[in-house]
Amino acid sequence: MTTHYDDEEQAERLKQWWKENWISLAAGLVIGLGAIFGWEGWKSYQGTRAAEASRMYEDLRLALGEARGQDAEKIGSALIQDHGSSPYASGAALYLATDAVKRGELDQALTHLQWVREHGSDDGVREVAALRAARVLWQQGKPDEALALIAGDGGEFQAMAQELRGDILLSKGDRSAAREAYQKALGASDDEDVAARGDLQRKLDDLNDVVES
């Protein structure tokens with residue numbers, strides 16, 4: 001009898017517990033399922049946006065390849081506006097900058113490069129934009145502004161940054177500073193990049209008359 005009584009008592013307690021807690025349990029289940037399906041929906045949404053950005057990026061490249069500058073500018077602007085945080089937006093801005101340089105529209109090129117420097121998807125692409133912007137400024141006859149833009153270490157593009165710095169300094173007539181920059185570029189260059197190292201060595205050889213201080 002005692003066992004039967006205990007079983008009934010436990011059953012009654014379980015019913016009472018369920019009566020008191022079913023709402024919170026149901027809510028937890030709903031929240032859990034919502035989180036799962038919400039995450040899946042978010043991933044699907046992100047995948048759709050990435051696919052759209054990729055398609056626009058390819059449309060941009062096609063337009064540039066076919067010399068449809070106005071179409072390329074429209075596609076690129078829409079891509080940057082709608083998918084500004086994606087790598088495709090940075091790539092689009094770099095492409096548009098290159099096209100603007102080809103057309104001689106250097107101010108427009110700088111605008112695109114400035115966007116990448118401020119909003120680029122990673123450090124590497126921002127450093128590339130800084131290097132290209134420095135070249136454009138140098139082409140515009142603004143060597144000091146160009147040098148200020150690449151005053152840092154250049155990150156993973158240190159060799160390229162130092163070589164460009166040397167080129168600009170040499171154009172200003174500062175042969176000693178140019179030689180120092182070329183030496184740094186050579187020291188930072190990839191040993192396996194024979195062509196680049198050969199170019200740097202020739203630039204250094206041309207400055208053999210410079211006496212190191």
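**Reading the helices of a predicted model**

Colleague: Which exposed residues are carried by the face of H2 turned away from its buried side?

Modeller: On that outward face of H2 you will find the exposed residues Gln70, Lys74 and Gln81. Keep in mind, as we go on, that this is a predicted model.

Colleague: How should I read a helix that has a buried side, and which residues of H2 are buried?

Modeller: The general idea is that an α-helix has 3.6 residues a turn, so residues three or four places apart point the same way. In the present case, the buried residues of H2 are Ala72, Gly76, Leu79 and Ile80. Viewed down the axis of H2, these buried residues fall within an arc of 95 degrees, so they line one face of the helix.

Colleague: What span should helix H2 have, and how far apart are its end C-alpha atoms?

Modeller: Helix H2 covers residues 69–82, and because each residue counts for 1.5 Å, its 14 residues should span 20 Å, which agrees with the 20 Å between its end C-alpha atoms.

Colleague: Where else can I practise this, and which residues are buried in H8?

Modeller: Helix H8, which runs over residues 175–188, also has 14 residues, and from its first C-alpha to its last it reaches 20 Å, close to the 20 Å expected at 1.5 Å a residue. Its buried residues are Ala178, Arg179, Ala181, Tyr182, Ala185 and Leu186. Around the axis they cover an arc of only 165 degrees, which puts them on the same side of H8.

Colleague: What covers the buried residues of H8?

Modeller: The cover includes helix H7 (158–171) and H9. A residue from each of these helices can be followed in turn. Gln162 belongs to helix H7, and because its relative accessible area is 11%, under the 20% cut-off, it counts as buried. Setting aside residues up to four places away in sequence, Gln162 touches Ala181, Lys184 and Ala185.

Colleague: And for the other helix, is Arg197 buried or exposed, or something in between?

Modeller: Arg197, which lies in helix H9 (residues 194–205), is partly exposed, with a relative accessible area of 25%. Not counting residues up to four places away in sequence, Arg197 touches Leu186, Ser189, Asp190 and Asp191. Although Arg197 and Leu186 are 11 residues apart along the chain, their C-alpha atoms are separated by 6.3 Å.

Colleague: How do I read two helices that pack together, and at what angle do H3 and H5 pack?

Modeller: One looks at the angle and at the separation of the axes. Helix H3 (residues 87–102) and helix H5 (residues 123–139) pack at an angle of about 15 degrees, with their axes 11 Å apart. Because angles under 35 degrees count as roughly parallel, H3 is roughly parallel to H5. The residues that make this contact are Ser90, Leu94, Thr98 and Val101 of H3, together with Val125, Val128, Ala129, Arg132, Val136 and Gln139 of H5. H3 passes H5 in a left-handed crossing.

Colleague: What does His112 contact, beyond its neighbours within four places in sequence?

Modeller: His112, found in helix H4 (residues 106–119), is in contact with Glu73, Ala93, Leu96 and Ala97 once those neighbours are left aside. His112 is buried, with a relative accessible area of 9%.

Colleague: How many helices and strands does the chain have?

Modeller: The chain comes to 9 helices and 0 strands. Of its 213 residues, 30% are buried. Among contacts between residues at least 6 apart in sequence, 49% join residues at least 24 apart.

Methods: Residues numbered from 1 in each chain as written. Predicted model: local features only at pLDDT ≥ 70, side-chain atom pairs only at ≥ 80, totals over all residues. Heavy atoms only, no water. Helix = DSSP H or I, 4+ residues; strand = E, 2+ residues; numbered from the N terminus. Buried < 20%, exposed > 50% of the residue type's maximum accessible area, 1.4 Å probe, protein only. Contact = heavy atoms within 4.5 Å. Expected span 1.5 Å × (residues − 1). Arc of directions from axis to C-beta. Axes fitted to C-alpha atoms, helices over the stretch in contact; angles between N-to-C directions. Parallel < 35°, antiparallel > 145°, perpendicular 65-115°, else oblique. Left-handed = near helix turned anticlockwise from the far one by under 90°.
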